[in-house]
Amino acid sequence: MSKFLACSYGGLAAYVPGEQPRDRKYIKLNTNESPYPPSPKVIAAIAEKTADMNLYPDPEYRSFREKAAAYHGVGIENVSVGGGSDELLDWIFRAFFPDRGVIFPDVTYGFYKVWAALYGIKYREIPLRDDFTVDPADYTKTEKGGPCVVLADPNAPTGIAAGLDAIETIVAADPDRVVVIDEAYADFSSYTAAPLVKKYDNLIVVRTFSKSRSFAGGRVGYCLASPEIIKDIEFMRFSTNPFNLSRTACAAAEASFDDDDYFRARVADVVRVRDEFSAALCKLGFEVTESSSNFVFAKFPGKSGRDLAAALRERGILIRRFDSERIKDHLRITVGTAEQMSALVGALADILKG
Ligand SMILES: *Cc1c(COP(=O)(O)O)cnc(C)c1O
């Protein structure tokens with residue numbers, strides 16, 4: 001850090017994304033991207049809109065918000081847009097958590113802690129159960145002025161979904177606190193909390209195009225909430241980055257909503273390969289959590305996660321692992337194509353034999 005950086009940032013740790021390698025070609029299963037390209041209609045929409053790039057986009061993003069609203073059966077006044085869901089989460093932390101603080105699981109998306117620390121927000125990590133599931137009771141014993149909640153559902157890096165009843169119980173427990181459900185992986189599960197935003201004005205559902213819509217490189221996210229909360233998020237957007245989605249990103253996102261068949265087919269491919277891969281890992285002797293996402297979370301009893309990850313890397317396969325004590329021997333493996341996963345299963349069998 002330079003001598004010029006504000007003291008308040010001294011000693012803070014930034015988020016560390018999964019590696020985007022440049023040294024050689026890997027089978028890349030470390031950042032939960034889709035193995036499939038965006039729909040041909042999305043690619044065509046980007047090409048078409050490139051000609052208009054001399055003009056700013058519509059700062060209200062009406063056309064995109066209308067499509068997102070129609071997709072989820074809510075109104076345009078229930079939708080705001082982000083340059084990826086990370087941008088929305090950043091605004092949400094700054095807008096809603098400073099007074100009350102926030103709680104989230106001890107094993108979850110690493111960025112929550114980074115934002116809380118960066119903005120001086122009080123936070124508490126709530127241990128997941130031994131099997132990595134969320135106990136809703138940990139989030140329903142509310143007190144006056146008590147902390148807000150952020151939950152990734154399905155959770156990362158565990159892949160486990162809490163269930164819609166649990167989510168509704170947590171949201172309903174205290175109408176005076178904001179509950180944020182980060183649904184980065186919800187398209188790979190069996191439900192979404194999106195319809196609940198019409199029933200609860202303290203709920204924010206955050207969604208992204210990065211995982212299920214093959215658009216991590218395009219940086220598109222959106223959130224759904226009550227009109228009052230959306231106005232606050234729009235206040236943050238217009239106070240920081242009113243043109244946060246490029247014209248091409250926005251056109252691509254709209255084309256993705258329009259090409260629902262392609263989207264559904266790719267999600268179904270990932271779910272099918274995921275379930276086959278999970279079964280293959282179990283057969284090798286791994287302990288595997290029940291994934292409702294596009295990745296699998298697994299450990300081999302008695303083997304170090306660090307050693308397994310290093311051995312895979314030597315064989316040209318990248319997966320993600322974390323140093324925190326509770327999950328240091330787990331591997332988080334993105335679901336790629338069927339071919340990529342059988343290469344991985346082969347490599348693991350080889351490593352375990354040796
Ligand atoms: C990937 C991910 C995000 C961020 O996604 P972007 O839309 O690409 O910014 C947010 N939350 C969770 C839990 C994620 O896994």
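By class, the shell around the ligand in this predicted model holds 3 nonpolar, 4 polar and 4 charged residues. Lining up along the sequence, these neighbours begin with Gly-84, Ser-85 and Asp-86, followed by Tyr-109. Asp-182, Ala-184 and Tyr-185 also belong to the shell, as do Thr-208, Ser-210, Lys-211 and Arg-219.

Some of these residues place polar atoms beside ligand oxygens. The backbone of Ser-85 contributes an N or O atom at 2.6 Å from an oxygen atom of the ligand. With Ser-210, by contrast, it is the side chain that takes part: one of its N or O atoms is 2.6 Å from a ligand oxygen atom. Lys-211 likewise uses its side chain, with a polar atom lying 3.0 Å from an oxygen atom of the ligand. As for how the ligand is covered, its accessible area on its own is 380 Å², and the protein covers 93% of this.

Ser-85, with its backbone contact to the ligand, also falls within helix α3, which spans residues 85-96. The axis of α3 comes within 10 Å of that of helix α4 (residues 111-118), and the two cross at roughly 40°. At this angle, α3 and α4 are therefore oblique to each other. Their crossing is right-handed.

A second pair of helices is formed by α9 (residues 305-314) and α10 (residues 338-353). Here the axes come within 10 Å and the crossing angle is roughly 120°, which makes α9 oblique to α10. The crossing of α9 and α10 is right-handed.

Turning to the backbone, the loop between β5 (148-152) and α5 (164-172) is worth a look. Pro-154 is found in this loop, and the peptide bond joining Asp-153 to Pro-154 is cis, with omega at about -5°. Pro-157 is found in the loop between β5 and α5 too. The bond that leads from Ala-156 to Pro-157 is also a cis peptide, and its omega is near 0°.

One further backbone feature comes from the loop that runs between β7 (203-208) and β8 (221-225), where Ser-214 is found. Although Ser-214 is not a glycine, its phi is positive, at about 55°. Thr-208, at the end of β7 (203-208), is among the residues around the ligand. The loop between β7 and β8 thereby brings the account back to the ligand shell, where Ser-210, Lys-211 and Arg-219 are also listed.

How values were computed
Residues numbered from 1 in each chain as written. Predicted model: local features only at pLDDT ≥ 70, side-chain atom pairs only at ≥ 80, totals over all residues. Heavy atoms only, no water. Near = heavy atom within 4 Å. Polar contact = N/O pair within 3.5 Å; in protein donor to acceptor, adjacent residues only side chain to side chain. Areas by Shrake-Rupley, 256 points an atom, 1.4 Å probe, with all protein chains shown as cover. Nonpolar A, V, L, I, M, F, W, Y, C, P; charged D, E, K, R; others polar. Axes fitted to C-alpha atoms, helices over the stretch in contact; angles between N-to-C directions. Helix = DSSP H or I, 4+ residues; strand = E, 2+ residues; numbered from the N terminus. Parallel < 35°, antiparallel > 145°, perpendicular 65-115°, else oblique. Left-handed = near helix turned anticlockwise from the far one by under 90°.
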